[in-house]
Amino acid sequence: MSHALFRDQLTHVGDLVIPCIDVAEGRTTTPSRISGLDDPSDVAAIAEVYAEGSAQKIFLDVFDDWDAIDYLPALLQRLKNAGLDVLVSVGHGKLPSVAHARRLFEAGADAISVSTSLVEEPGTVEAAVREFGGQRVMVVINSRAAAPGRWTVHTHDGAVDTGISVTELAGRLAELRVGSILANSIDREGTGRGFDLDLIHTVASVSGLPIIASGGCGDLDHLQEALSAGDTAYVLVNNMLHNGKYSIRDVRDRLLAYSSFGTGDS
């Protein structure tokens, strides 16, 4: 068993929040403004700060294509040494083959994230689930609103509208039984307006799978709101941590103070 069977509150709350780091050519795409970093573009150093603050998982959104990630095994080893479970997306969620997934797992990834390939090469994703189990495959649904209560799936980092409804894809994933779905609102990305809770509720209801909320988080209230709504298993956080606005400890302490996640009163 790689993890403790029983965990304290700090560990439990830290596991609810998944920091995301955008990576290109082995470095962060934007230097972090976290204080105390010797190198603000060092991916592992940033991740180590998150781990020290009680984060348990990290999501690496690697923008490079599969033929340009020779640096990744060494980076994954540093993240594993920090005690983190590592979720990895390569080339905007592409998975060329089962062999590519195997190499990533052998290098230290705990789960592989797919999005574009789920639409364009679903057979490859299905084969990976059969080979490694659904718990090692995370699906990202990048979506834009098409009408009130309706969203369409976008691929290639949100650039291509597939015309596929989010509910249709969520239904397929319910049958495939992947480990989790990252429900990302492209409309909310970078706005700081908070998560699209209607989108999250829809994906959770249709799929019955653990949902990671993504897109739009701007402050601690948004995290608490998403986790208390009942449909969100985890929240993905990027800019508000990366730019130094909040620390992972700020997030942990806020959730601990809320009655649903800690011992304090709301």
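The sulfur of Cys217 lies 12 Å from the closest cysteine sulfur, that of Cys20, which is too far for a bond. In this predicted model, a search of the whole structure accordingly finds zero disulfides. The same kind of search finds 11 salt bridges, and the largest pocket has a volume of about 670 Å³. The points below take up the cysteines, the salt bridges, the pocket and the strands in turn.

**Cysteines**

- Seen from the other side of the pair, the closest cysteine sulfur to that of Cys20 is in Cys217, again at 12 Å and too far for a bond, given that a disulfide requires two cysteine sulfur atoms within 2.5 Å.
- Cys20 counts as buried, with a relative accessibility of 5%, and Cys217 is likewise buried, with a relative accessible area of 16%.

**Salt bridges between distant parts of the chain**

- Arg78 forms a salt bridge with Asp42, in which the closest N and O atoms are 3.4 Å apart. This pair links distant parts of the chain, since Arg78 belongs to helix H3 (residues 72-81) while Asp42 sits in the loop between strand S2 (27-28) and helix H2 (43-52), 36 residues apart.
- The two partners differ in their burial class: Arg78 counts as partly exposed at 37% relative accessibility, whereas Asp42 is buried, with a relative accessible area of 19%, a value that falls under the 20% cut-off for burial.
- Arg102 forms a salt bridge with Glu131, and here the closest N and O atoms are 3.0 Å apart. Distant parts of the chain are again linked, with Arg102 in helix H4 (residues 98-107) and Glu131 in helix H6 (residues 122-132), 29 residues apart.
- Arg102 is partly exposed, with a relative accessible area of 32%, and Glu131 is also partly exposed, with a relative accessible area of 47%.
- The side chains of Arg254 and Asp221 meet in a salt bridge with an N to O distance of 2.4 Å. The pair links distant parts of the chain, namely helix H11 (residues 248-257), which holds Arg254, and helix H9 (residues 220-228), which holds Asp221, the two residues being 33 residues apart.
- Arg254 counts as partly exposed at 26% relative accessibility, and Asp221 counts as partly exposed at 44%. Elsewhere, salt bridges that share partners join Asp42, Glu48 and Arg78 into one network.

**The largest pocket**

- The lining of the largest pocket is made up of 34 residues, and those that lie nearest its centre are Asn184, Glu189, Ser214, Leu236 and Asn238.
- Several elements each supply at least two residues of this lining, and they are strand S1 (17-24), strand S3 (57-62), strand S6 (137-147), strand S9 (180-185), strand S11 (234-237) and helix H10 (239-242).
- Sorted by class, the lining comprises 11 nonpolar, 18 polar and five charged residues.

**Strand S9 and its neighbours**

- Six of the six residues of S9 are buried, so this strand is largely enclosed by the rest of the structure. Ser180, Leu182 and Asn184 point one way from S9, while Ile181, Ala183 and Ser185 point the other way, and all are buried.
- S9 pairs with S6 in the parallel sense over six bridges, and within this pairing the bridge partner of Val140 is Leu182 in S9.
- S9 also pairs in the parallel sense with strand S10 (residues 211-214), here over four bridges, and the bridge partner of Asn184 in S10 is Ser214.
- Asn184 and Ser214, which are bridge partners, are both among the residues that lie nearest the centre of the largest pocket.
- Strand S10 is covered on both faces, with Ile211 and Ala213 on one side and Ile212 and Ser214 on the other, all of them buried.

Key
Residues numbered from 1 in each chain as written. Predicted model: local features only at pLDDT ≥ 70, side-chain atom pairs only at ≥ 80, totals over all residues. Heavy atoms only, no water. Buried < 20%, exposed > 50% of the residue type's maximum accessible area, 1.4 Å probe, protein only. Salt bridge = Lys/Arg side-chain N within 4 Å of Asp/Glu carboxyl O. 1 Å grid on protein atoms, 1.4 Å probe; cavity = no way out; pocket = protein on both sides within 12 Å on 5 of 7 lines; lining within 4 Å. Points joined across faces, edges and corners; volume = space filled by probe spheres on them. Nonpolar A, V, L, I, M, F, W, Y, C, P; charged D, E, K, R; others polar. Pairing = 2+ DSSP bridges.
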